[in-house]
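Here is a short tour to read alongside the model. Keep the 3D view open as you go.

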Amino acid sequence: MKAHSLFPVLAGVVTTTAVVAGLITVGGGEDARHKRFDVKRIKELREIASSLMCVRSKAPAQVLPETLNVESIGAYCHRPKYLVETDLTDDETGEHYRYLRRSDWDFSICAEFHDPHDVELRRWNVRLNPRTGCIDDRVIGAPATASDNS
């Protein structure tokens with residue numbers, strides 16, 4: 001094989017190797033897709049959790065809703081259309097985010113994450129439990145409990 005015909009072959013091998021190495025390093029399209037869904041999940045969970053913090057300056061007049069939907073949060077916050085722009089379902093799975101009313105004032109809002117330990121999720125400044133996929137929180141202005149003083 002002549003030198004001038006060897007160059008295109010070597011260039012092709014080098015290019016292919018670089019592309020494969022890049023995909024291995026940053027992950028393929030599937031990894032990027034998973035990360036986008038995880039980021040969207042954390043943003044939506046954060047919005048929902050914030051919606052439950054609608055009472056700011058005084059003790060909440062009522063306890064957390066038993067179920068999570070636009071109407072229940074609107075009634076809880078005394079704003080009928082409070083969550084109209086917040087999506088309560090996971091775009092990838094079509095499932096509703098899980099809501100657990102742990103007490104009158106404590107709640108968890110949860111989703112299934114592809115990688116809950118991902119550093120990208122930490123930048124959203126939420127208390128996401130990577131083991132459960134939940135944001136665990138307490139309503140602002142809720143009465144103190146014995147566990148709060150320990």
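## A strand pair

In which sense do strand β1 and strand β2 pair? Residues 98-101 (β1) and 106-110 (β2) pair in the antiparallel sense over four bridges. Strands here are DSSP runs of E with at least two residues, helices are runs of H or I with at least four, and both are numbered from the N terminus; two strands pair if DSSP finds at least two bridges between them. A hairpin of four residues joins β1 to β2, and R98 has C110 in β2 as its bridge partner.

This is a predicted model, where local features need pLDDT of at least 70, side-chain atom pairs count only at pLDDT 80 or more, and totals for chains, interfaces and linings use all residues. Residues are numbered from 1 along each chain as its sequence is written, and side-chain values use heavy atoms, leaving out hydrogens and water.

## The nonpolar core

The largest nonpolar core (buried Ala, Val, Leu, Ile, Met, Phe, Trp, Tyr and Cys joined through side-chain atoms within 4.5 Å; buried means under 20% relative accessible area with a 1.4 Å probe, protein chains only) has 24 residues, and F107 and I109 touch the most other members. α2 gives the most to this core, with four residues.

Leaving aside residues up to four places away in sequence, F107 touches residues including A49, Y99, I135 and D137 (contact means heavy atoms within 4.5 Å).

## The largest pocket

By class, five nonpolar, two polar and four charged residues form the lining of the largest pocket. (Asp, Glu, Lys and Arg count as charged; Ala, Val, Leu, Ile, Met, Phe, Trp, Tyr, Cys and Pro as nonpolar; the others, Gly among them, as polar.) α2 gives the most to this lining, with three residues.

A pocket is an open set of points on a 1 Å grid over the protein atoms alone, where a 1.4 Å probe fits, with protein on both sides within 12 Å along at least five of seven lines; lining residues have an atom within 4 Å of a point.

Note on methods
Buried means under 20% relative accessible area, exposed over 50%, partly exposed in between (1.4 Å probe, protein chains only).
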